[in-house]
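Here are some exercises to work through with the model open beside you. Try each task before you read its solution.

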Amino acid sequence: MEQQTPRIGIIAQTEEHVEKFIKENIDDTFVFHDFEHTRNVVESVMEIGQAHALTESELEILQLAAWFHDTGYDQGPLGHEQRSALYAEEFLTEKNYPAEHVDQVKACILATKVPQQPENTLEGILCDADLSHIGKKSYWARTGKLRHEMALNKNIIMSEYEWIEFELNFLREHSFHTKYASNLYESKKQKHMLQLYKQKSRINPNEEIPLNLIKKKKKKSNTKDQDMTSARLGRGVETMYRTTYRTHVNLSSIADNKANIMLSINAIIISIVVSSLVPKFTTNDYLIIPTCILLTVCLVAVVFATLSTRPKVTEGKFTREDIEQKRSNLLFFGNYYNMEIKDFHWGMMEMIKDSDFLYSSMTRDLYFLGKVLAQKYKYLSFCYSVFMYGLIVSVIAFAISFYN
């Protein structure tokens, strides 16, 4: 008779296996369906499952299904539930896990396919745990990652209004399958919907907020809505960075235009002077001094105008230590143009997954943009001053030479 491997420690073995599998096989561009999401689903499964007074065996089945439910993302989102169920079956069979329990694990995983249609309590619990973030404080961070993941993997880039409408459609059609999950997450989900409607109405004032959501809000008008504050703060920060970047770009464009004007004007003056006045030096020596003054003024102005537009060449590389210490600014091409694409991609994924690193990079980028702008306008100030005062001196010198 074949001896079965004891099931003691099967959860720990599964966790170790899935963590390694996700990190090695699922692309970093899946910033939403990452190991953090899987771990959160396992935690929610335990919370909901214990509230339903499940047996130890049923809780084990749920945990196993939760660990494996997104492993199929190694080949992309399409059909990932079937692949996840297959991976669970292969692993658990190898560990001699009971066949009837393997079938339950697979059924729970397959039930998470949207639109979710669970057929029993275990499947309903995993479905609710998989989407539990919509009723938690982490909703805004997680939905932001989902939006970014869709842009990276499906090339779906939505405007703010389109994304809000997309989220509202999903939340309106969604419903929790277990009573405990509904009691635990529904009120927070309704708050998130209210916040989305308010953001939508700020974009389009003609949009109306459903009365049922407004009534729910009034009943709790004396409590502090920390999620709303976070949402406003997040939008405010994004608006600040967007506006500041736009201002810097506009100022840089203005500086370059001013430099081009000075280069063009002085080049024209130099060409006219060289072709018209210099040949007359042999017969009209009184033109030598004022002409030299004018040429010197134009050349100095050209030098400063050129310096204001001259690019600065940097090394174009960063190290993994720079990323880990959050010292590198990946938003400026001068810091990565000599990098391999795989190293740059890794660095960008690390930055995207860390909001502090992302905002820190944007802040550093703005700082150095400001330093560059200051240098540009410093050279332009010298250029215009030399041109203005030098032209006055040149005209006076010409007047004096003709008078004498």
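## Exercise 1: a histidine in a loop

His174 touches Leu131, Ile134 and Lys189, leaving aside residues up to four places away in sequence; a contact means heavy atoms within 4.5 Å. This is a predicted model, in which local features need pLDDT of at least 70 and side-chain atom pairs count only at pLDDT 80 or more, while totals for chains, interfaces and linings use all residues. Residues are numbered from 1 along each chain as its sequence is written, and side-chain values use heavy atoms, with hydrogens and water left out.

Task: find where His174 lies and decide whether it is buried or exposed.

Solution.
- Step 1. Locate the residue: His174 is in the loop between α8 (160–173) and α9 (179–203). Helices (H or I, at least four residues) are DSSP runs, numbered from the N terminus.
- Step 2. Apply the cut-offs: buried means under 20% relative accessible area, exposed over 50%, and partly exposed in between (1.4 Å probe, protein chains only).
- Step 3. Conclude: His174 has a relative accessible area of 10%, so it is buried.

## Exercise 2: two helices checked by length

Task: work out what span α4 should have at 1.5 Å a residue, then do the same for α5.

Solution.
- Step 1. Take the rule: the expected span is 1.5 Å times one less than the number of residues.
- Step 2. For α4 (80–94), the 15 residues should span 21 Å, and the end C-alpha atoms are 21 Å apart, so the two agree.
- Step 3. For α5 (residues 99–111), 13 residues should give 18 Å, and its end C-alpha atoms are indeed 18 Å apart.
- Step 4. Look at the packing: the buried residues of α4, among them Tyr87, Phe91 and Leu92, pack against α1 (10–25), α3 and α5. Those of α5 are His101, Val102, Val105, Cys108, Ile109 and Ala111, and their cover includes α3 (56–68), α4 and α6 (121–130).
- Step 5. Step past the end of α4: just after this helix, Asn96 takes a positive phi of about 60°.

## Exercise 3: salt bridges

Task: count the salt bridges and examine how Asp34 and Arg142 meet.

Solution.
- Step 1. Set the rule: a side-chain nitrogen of Lys or Arg lies within 4 Å of a carboxyl oxygen of Asp or Glu. The count comes to eleven.
- Step 2. Take the pair: Asp34 and Arg142 form a salt bridge at 3.6 Å, N to O. It links distant parts of the chain, with Asp34 in the loop between α1 and α2 (35–51) and Arg142 in helix α7 (residues 139–154), 108 residues apart.
- Step 3. Check exposure: Asp34 is buried at 13% relative accessible area, and Arg142 is buried at 4%.
- Step 4. Widen the view: Asp34, Glu36, Arg142 and Lys145 are linked in a network of salt bridges.
- Step 5. Try another pair: Asp256 bridges to Lys376, with the closest N and O atoms 2.8 Å apart. Asp256 sits in helix α11 (residues 226–276) and Lys376 in helix α15, 120 residues apart.
- Step 6. Compare its two ends: Asp256 is partly exposed at 26%, whereas Lys376 is buried at 11%.

Terms used: Helix = DSSP H or I, 4+ residues; strand = E, 2+ residues; numbered from the N terminus.
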